[in-house]
Amino acid sequence: MIKIKQAIVVEGRYDKNTLSQLVDAPIFETNGFGVMKDRAMLDFLRRVAQARGLIILTDSDGAGFVIRNFLKGALPKDKVLHAYIPDISGKERRKTHAGKEGKLGVEGMTPEVLLAALQNAGAQTEQTDAPTAQITKTDLFLTGLSGGKDSAGKRRKLQNELRLPAHLGANAFLDALNLLMTREEFLKQYGEYHD
């Protein structure tokens, strides 16, 4: 597994699943064209790009380029890298038919192709000698943000406070917290989380 400094944005959950098996980096989904109507997600991606840098990795079909071009115009150009996958005909294993253009998407690419695409885009690998303490799922549980009475409501309240998209899954929420603050800052501010 390769640790990458920048966060990565992909089109959907299958792309994210494939990539998360290869790289250690925050990976966020556009939910296809959904990002075009989701101002909170777009604002979040801008903040991620400013804080950490962002790599856009979309499919090589027409839809992928529409999403990429939208993000290219909406995000700070100096903080965004573009990773491209080649045009390879075929269909993903989980699908019964090939896509409209008959090309494999990010989820259908081999690990070697995906890693080469990230490397060619200029992805920066991080040294892992001095790991920093990350906010964990246990921290979320202990602060009442998961697994407890009204934890979903508390999480929504915190998402609003931090201007995070409402539809982040649990893992993406945790990634977002770790991008925006250190564990120490999180525990200091939310260690005694109250309504």
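Here is a quick tour of the overall fold and the salt bridges in this structure, which is a predicted model.

**The overall build**

Let's start with the secondary structure. The chain carries eight helices and six strands. Reading from the N terminus, the order is β-β-α-β-β-α-β-α-β-α-α-α-α-α, so the run ends in helices, going by that same order.

As for size, the C-alpha trace covers about 55 × 35 × 30 Å along its principal axes. The radius of gyration is 17 Å, which agrees with the value near 16 Å that a compact globule of 195 residues would have. Of those 195 residues, 43% count as buried. Take the contacts between residues at least 6 apart in sequence: 62% of them join residues at least 24 apart.

On the outside, the chain exposes about 10,900 Å², and carbon and sulfur atoms supply 50% of that area. For charge, there are 28 positive and 24 negative side chains. The centres of these two sets lie 4 Å apart.

**The salt bridges**

Side chains of opposite charge can pair when their charged atoms come close. How many salt bridges does a search of the whole structure find? The search turns up eight, and the table lists some of them.

| Pair | N to O distance |
|---|---|
| R163 and D43 | 3.5 Å |
| E92 and K95 | 3.4 Å |
| K103 and E101 | 3.5 Å |

Look at R163 and D43, whose side chains meet in a salt bridge. This pair ties together distant parts of the chain, with its two residues 120 apart in sequence. R163 sits in the loop between α6 (151-161) and α7 (170-180), while D43 belongs to helix α2 (residues 39-52). D43 has 23% relative accessibility, so it counts as partly exposed.

Next up is the E92 and K95 pair, with the closest N and O atoms 3.4 Å apart. Is E92 buried or exposed? E92 is buried, because its relative accessible area is 5% and the cut-off for buried is under 20%. Its partner K95 is partly exposed, at 29%.

Then there is the bridge between K103 and E101. Here K103 has 24% relative accessibility and counts as partly exposed. E101, at 43%, is also partly exposed.

Some bridges share partners, too: D43, R47 and R163 are joined that way into one network.

Definitions and conventions:
Residues numbered from 1 in each chain as written. Predicted model: local features only at pLDDT ≥ 70, side-chain atom pairs only at ≥ 80, totals over all residues. Heavy atoms only, no water. Salt bridge = Lys/Arg side-chain N within 4 Å of Asp/Glu carboxyl O. Helix = DSSP H or I, 4+ residues; strand = E, 2+ residues; numbered from the N terminus. Buried < 20%, exposed > 50% of the residue type's maximum accessible area, 1.4 Å probe, protein only. Rg over C-alpha atoms; globule rule 2.2 N^0.38 Å. Contact = heavy atoms within 4.5 Å. Areas by Shrake-Rupley, 256 points an atom, 1.4 Å probe, with all protein chains shown as cover. Lys, Arg positive; Asp, Glu negative; His and termini not counted. Charge placed at Lys NZ, Arg CZ, Asp CG, Glu CD.
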